[in-house]
Amino acid sequence: MKTRAITAFFFTIVMLGSIFLGGYTFTFFYLFLSLAALFEFFKLIKTAGIRPHRNIALFAATIIFLMTAGYHFLQFETKYLLLLIPLLFSVFISELYKKDKIPFANISYTFVGFVYVTTPFCFFYSLGFLTGNTDYSFHLPLSFLLMLWANDTGAYLFGMKFGKTRLFERHSPKKSWEGFFGGMFTSVLVSYLISLQFTEVNSWIWAGMALLIASFGTLGDLVESMLKRSLNVKDSGSFLPGHGGLLDRFDGLLIAAPVVYTYLYLLLR
């Protein structure tokens, strides 16, 4: 428990620092974090005997993230993303030379890594630029994380105290409906406090964001649990002592970030 608390404290400081220290720090920190999470995903998949194209995927993921950053900072045209097509299709060609018994499983999980890890991190990163053209603002990324953490904390506390009705026992036996609604309540409460500080967004929009984070963050947790159970592993990795891997810590973000970005884009832009 002591190790878990120390890790949580320092990781939270680093996370907050990366958001407060400006757009460039935010960019390179989340580039590193997204690549580390993708690397962890591929390492996890290899325990099932599948050999995804890790090096090609990491290189392509770097390009995708940097192009996303370039779009926000320099207003790159999205047509430049077409340059990724030859790189992505090289996965199929590379598989010809691996002589593996399950070539399309290797190819499939390579692309699953992009969809499941890289894309959500790009959407979360883009929250920092949603309220301006090229100007970075920490308000939305910070608020997203605060609501996500509030949901996790509330779900744990309410679940421990009142949890009786199982939420999705097949994938996560400890989660309860009482914990789910407790996490949602806590997240909405934090959204109200945020609305008092960041007044450029309507309080009802903040509340809607909290509901989406609570709902899809919980689904993200369940999806990651499904992944680990299918591979018969307890944690996705050991990057964070006492907490497991990066996917364990960002499972809620992976499903919630694209949904929340879409919601805010439609309402704010």
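**Exercise 1. How many helices and how many strands are there in the protein?**

Solution. Keep in mind that you're looking at a predicted model. Going through it, you'll find nine helices and two strands. Now put them in sequence order: the pattern reads α-α-α-α-α-α-β-β-α-α-α.

**Exercise 2. Work out why the protein counts as being as compact as a globular protein of its length.**

Solution. Start with the radius of gyration, which is 19 Å. Next, take what the globule rule gives for 269 residues: 18 Å. The two values are close, so the protein is as compact as a globular protein of that length. For a feel of the dimensions, the C-alpha trace spans about 55 × 45 × 35 Å along its principal axes. As for the inside, 48% of the 269 residues are buried.

**Exercise 3. Describe how helix α6 packs with helix α9.**

Solution. Two packed helices are described by the angle between their axes and by the distance between those axes. Here α6 covers residues 139-162 and α9 covers residues 246-268. Their angle is about 130°, and the axes lie 12 Å apart. Since 130° falls outside 65 to 115 and is not over 145, α6 is therefore oblique to α9. The crossing of α6 past α9 is right-handed.

**Exercise 4. Which residues make the contact between α6 and α9?**

Solution. From α6, pick out L140, F144 and L148. From α9, take G252, L253, A256, A257, V260, L264 and L268. Then sort them by type: nine are nonpolar, one is polar and none is charged. Gly counts as polar, so G252 of α9 is the polar one.

Methods
Residues are numbered from 1 along each chain as its sequence is written. This is a predicted model: local features need pLDDT of at least 70, side-chain atom pairs count only at pLDDT 80 or more; totals for chains, interfaces and linings use all residues. Side-chain values use heavy atoms; hydrogens and water are left out. Axes are lines fitted to C-alpha atoms, for helices over the stretch in contact, and angles run from 0 to 180 degrees between N-to-C directions. Helices (H or I, at least four residues) and strands (E, at least two) are DSSP runs, numbered from the N terminus. Angles under 35 degrees count as roughly parallel, over 145 as roughly antiparallel, 65 to 115 as roughly perpendicular and the rest as oblique. A crossing is left-handed if the near helix is turned anticlockwise from the far one by less than a right angle, and right-handed if clockwise. Contact means heavy atoms within 4.5 Å. The radius of gyration is taken over C-alpha atoms; the globule rule is 2.2 Å times the number of residues to the power 0.38. Buried means under 20% relative accessible area, exposed over 50%, partly exposed in between (1.4 Å probe, protein chains only).
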